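Work through the exercises below with the model open beside you. Try each task before you read its solution.

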Amino acid sequence: MLNLTEQLTRSLQQDRSKSGQNSALSGRVSRYDGLLMECDGFPVSVGTVCSVQTADNGHVLGEVIGYSEGRNKLVLYQSGAAVQAGARVSIVDQGTAVDVGDSYLGRVVDALGHPLDDGGPPESQARVPLNGKMLNPLARRMIPGPLDVGVRAVNGLLTIGYGQRIGIIAGSGVGKSVLLGMMARNTVADVVVIGLIGERAREVGEMVRAIMNPETQNKVSIVAVPADRSPLLRIRGARRATALAEYFRDQGKNVLLIMDSLTRVAHAQREIGLALGEAPTSKGYPASVVSMIPTLVERAGMGVGPDSGSITGIYTVLADGDDSNDPVVDSARAILDGHIVLSRSIAQMGIYPAIDIPASISRVMSDIVNLQQQTAAQKFKKLISLYNENRDLMLMGGYVSGQDPDLDLAVTLWPKLVEFIKQSPSERAQLAESSNQVSAIVGR
């Protein structure tokens, strides 16, 4: 039985032979420090996948990340490989296009398209650019309306539209993965593409088992690259998941793209940028990280043409140490069409999903819901904010009922407000029902 590297190489070689690529170009290793490798210069583009000979006459895969002074620079997909000076480096695949198709539905693959489940290699129906195509922003369709994601608090208070890009900002251990699982299982989107990038291997397995059930597996495709993989594989995994979503969008389908997490992709780009000698800025992030985030996020959204579908992007952003001013958090907040903040203090109160309603916003909600729901949602947020701001004062006995009618109303309705936000992972909340419940609670 072939090992993983041999299977990956054979698969890529088959792709190369289909496209008629020349495999005669090669070079020899001249420098390797455990991360960055240099070899003789031969015509190659950034992103090309190469095979490198090892000391035991085997081979490992690597990717070209740049070239200078007549030498190509690579990073290997496998760390700790026994590579010696003079080892042969040869092209396996140009790395600019990836296989896509309906056969990827119900499957779990890695960054190179190799199956991680028990099935055989997915059958390719087309090849699309790994880095996407530039779309004219004026040619994109307008957001047609709200998307039901099956989560009551999001549907009623932070309504998401088809083709919207929204971030879930959270620290570790506050229920981020559970919320994503609820959205993936309960959404009415035609296709769900999930990129599990840089997460723990245990969490990847649990997420796959929770989402891939008989009811949903025919519309779900997962690209998983755990945290112990090469930074280049993590970046390629995020791009591959986005390319797969673009394929289904161009087929006229409404796609929900879940990227968990955008922060891990940024960390991978930081490793590569520092290896190339880029100057670090805030928290060690080079400039390439700031430019990569909008490049990846802008590929989601509405399609071009009357027959195209949409990509609704949900990107998780990890606030390290619950720091909401992290450079990645700031960059994501600026480019995304809204954000959902998960609060550790709310989780400690036993409220799940632990959504901080006043701190969260959907920038397109006012364009896709009626005035009644918009007014009711604003009043709901105001009551939540009033109660939280005065909670300590009330507990100390410093507030007397009757001094502030709005605060009195917030205290009276607090149990109903909390009950609305709470939702078990197995429960599904419909969009219209959620909107009606908000209006009923606040009396609008």
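**Exercise 1. Domains**

What distance separates the centres of domain 2 and domain 3, taken over C-alpha atoms?

*Solution.* Note before starting that this is a predicted model. Step one: find the domains. The protein is divided into domain 1 (24-93), domain 2 (97-368) and domain 3 (374-442). Step two: take the centres of domain 2 and domain 3 over C-alpha atoms; they are 30 Å apart. Step three: look at the contact. Domain 2 supplies 26 residues to it, and domain 3 supplies 24 residues.

**Exercise 2. The largest nonpolar core**

Find the residues that touch the most other members of the largest nonpolar core, then say where this core lies.

*Solution.* Step one: the core has 63 residues. Met183, Ile194, Ile222, Ile340 and Phe380 touch the most other members. Step two: ask which helix gives the most to this core. Helix α12 (residues 405-421) does, with 7 residues. Step three: place the core. Domain 2 (97-368) and domain 3 (374-442) both give residues, so the core lies between them. Step four: look for another core. One of 55 residues lies apart from the largest, and its members include Val75, Val128, Leu233 and Val289. The general background is brief: in soluble globular proteins, nonpolar side chains tend to be buried together.

**Exercise 3. Around Met183**

List the contacts of Met183, leaving aside neighbours within four places in sequence.

*Solution.* Start with the valines: Met183 is in contact with Val149, Val151 and Val154. Then add Ile168, Leu256, Ile314 and Ile340.

**Exercise 4. Two helices crossing**

Describe how helix α7 (residues 287-297) and helix α8 (residues 327-335) cross.

*Solution.* Step one: the axes of α7 and α8 come within 10 Å. Step two: they cross at roughly 35 degrees, and the crossing is right-handed. Step three: name the residues in contact. From α7 come Val290, Ile293, Pro294 and Val297; from α8 come Val328, Ser331 and Ile335. Step four: sort them by class. The contact has 6 nonpolar residues, 1 polar residue and no charged residues.

**Exercise 5. Thr316**

Is Thr316 buried or exposed?

*Solution.* Step one: locate Thr316 in strand β17 (residues 310-318). Step two: read its relative accessible area, which is 0%. Buried means under 20%, so Thr316 is buried. Step three: check its surroundings. Ser261 is 55 residues away along the chain, yet the C-alpha atoms of Thr316 and Ser261 are separated by 4.8 Å. Not counting residues up to four places away in sequence, Thr316 touches Ile168, Lys176, Leu180, Met259, Asp260, Ser261, Leu262 and Thr263.

Key
Residues are numbered from 1 along each chain as its sequence is written. This is a predicted model: local features need pLDDT of at least 70, side-chain atom pairs count only at pLDDT 80 or more; totals for chains, interfaces and linings use all residues. Side-chain values use heavy atoms; hydrogens and water are left out. A nonpolar core is a set of buried Ala, Val, Leu, Ile, Met, Phe, Trp, Tyr and Cys residues joined through side-chain atoms within 4.5 Å. Buried means under 20% relative accessible area, exposed over 50%, partly exposed in between (1.4 Å probe, protein chains only). Helices (H or I, at least four residues) and strands (E, at least two) are DSSP runs, numbered from the N terminus. Domain bounds come from an automatic or database domain assignment. Contact means heavy atoms within 4.5 Å. Axes are lines fitted to C-alpha atoms, for helices over the stretch in contact, and angles run from 0 to 180 degrees between N-to-C directions. A crossing is left-handed if the near helix is turned anticlockwise from the far one by less than a right angle, and right-handed if clockwise. Ala, Val, Leu, Ile, Met, Phe, Trp, Tyr, Cys and Pro count as nonpolar, Asp, Glu, Lys and Arg as charged, and the others, Gly among them, as polar.
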